[in-house]
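Biologist: Before we discuss any assignment, please display the sequence together with the coordinates. I shall then ask for the reasoning behind each term.

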Amino acid sequence: MNRLPHVPVLGLTWGRLSPELLSLAPIDIILGSDVFFDPKDFEDILTTIYFLLEKNPQAQFWTTYQVRSADWSIEALLYKWNLKSIHIPLHSFGADKEHLASSSLPGRHTIEMMIISLA
């Protein structure tokens with residue numbers, strides 16, 4: 001749709017290293033949308049991201065997430081896996097509108113964006 005050149009897409013299971021993941025060509029950006037959904041999966045997600053960033057030290061993991069509970073945090077896991085995150089304000093790229101891409105979430109939801117990289 002955006003007329004980009006070939007953009008490889010690889011499905012994966014968080015926390016599992018598949019042959020496709022192990023043989024992945026160098027990458028610059030890992031995109032994830034709302035992957036921090038269930039706290040029991042947070043460490044598997046960050047373990048996988050850490051593996052990919054170790055193989056590609058200049059790469060970044062760009063992700064959005066919905067704030068579901070003030071009790072859920074990945075800060076300790078970021079520290080454990082030697083990762084850091086930068087919060088990206090949605091207004092910095094015009095994504096802070098109530099209706100975006102002809103879609104809206106029901107009710108009032110807080111959507112955040114962050115970029116995770118090696119610390």
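**Classifications and their grounds**

Modeller: Asp-41 has a relative accessibility of 26% and counts as partly exposed. Please bear in mind that this is a predicted model.

Biologist: Why is Asp-41 called partly exposed?

Modeller: Buried requires under 20% relative accessible area and exposed requires over 50%. At 26%, Asp-41 meets neither condition and is therefore partly exposed.

Biologist: What makes Asp-41 and Lys-40 a salt bridge?

Modeller: The criterion is a side-chain nitrogen of Lys or Arg within 4 Å of a carboxyl oxygen of Asp or Glu. For Asp-41 and Lys-40 the closest N and O atoms are 3.3 Å apart, so the pair qualifies. Asp-38 also forms a salt bridge with Lys-40, with the closest N and O atoms 4.0 Å apart. Lys-40 is exposed, with a relative accessible area of 64%, whereas Asp-38 is partly exposed at 27%.

Biologist: Which other side chains meet in a salt bridge, and what does the pair tie together?

Modeller: Glu-43 and Lys-80 do, at 2.6 Å from N to O. Because Glu-43 lies in helix H2 and Lys-80 in helix H3, the pair ties together parts that are 37 residues apart in sequence. Glu-43 is partly exposed at 26%, and Lys-80 is exposed at 54%. Salt bridges with shared partners also join Asp-38, Lys-40 and Asp-41 into one network. The structure holds 3 salt bridges.

Biologist: How many aromatic pairs are there, and why is the pair of Phe-36 and Phe-42 called edge-to-face?

Modeller: The count comes to 2 aromatic pairs. The ring centres of Phe-36 and Phe-42 are 5.3 Å apart and the planes stand at 80°. Centres must lie within 6.5 Å, and planes over 60 degrees apart count as edge-to-face, so the pair satisfies both conditions. Phe-36 counts as buried at 5% relative accessibility, and Phe-42 likewise counts as buried at 5%.

Biologist: What makes the pair of Tyr-50 and Trp-81 tilted?

Modeller: The centres of these rings are 5.5 Å apart and the planes stand at 50°. That angle is neither under 30 degrees, as stacked requires, nor over 60, and the pair is therefore tilted. Tyr-50 belongs to helix H2 and Trp-81 to the loop between H3 and E3, so the pair ties together parts 31 residues apart in sequence. Tyr-50 is partly exposed at 23%, and so is Trp-81 at 22%.

Biologist: Which residues touch the most other members of the largest nonpolar core?

Modeller: Of its 20 residues, these are Phe-36, Leu-46, Ile-74 and Ile-116. Helix H2 (42-55), helix H3 (75-80) and strand E4 (111-118) each supply at least two residues of this core, and H2 gives the most, with 6 residues. Beyond its neighbours within four places in sequence, Phe-36 is in contact with residues including Ile-45, Phe-61, Tyr-65 and Met-114. A second, separate core of 5 residues includes Ile-88, Leu-90, Met-113 and Ile-115.

Biologist: Why do strand E1 and strand E3 stand at the edges of the sheet?

Modeller: The open sheet has 4 strands in the order E1-E2-E4-E3, with mixed pairing. E1 (29-33) and E3 (83-88) each have a single partner strand, so one side of each is left without a neighbour in the sheet. The twist averages 25° from one strand to the next.

Biologist: How do you know that E3 and E4 are paired?

Modeller: Pairing needs at least two bridges, and 6 bridges join these antiparallel strands. His-87 stands opposite Met-114 in E4.

Definitions and conventions:
Residues numbered from 1 in each chain as written. Predicted model: local features only at pLDDT ≥ 70, side-chain atom pairs only at ≥ 80, totals over all residues. Heavy atoms only, no water. Core = buried A, V, L, I, M, F, W, Y, C linked by side-chain atoms within 4.5 Å. Buried < 20%, exposed > 50% of the residue type's maximum accessible area, 1.4 Å probe, protein only. Contact = heavy atoms within 4.5 Å. Axes fitted to C-alpha atoms, helices over the stretch in contact; angles between N-to-C directions. Phe/Tyr/Trp six-rings, centres within 6.5 Å; stacked < 30°, edge-to-face > 60°.
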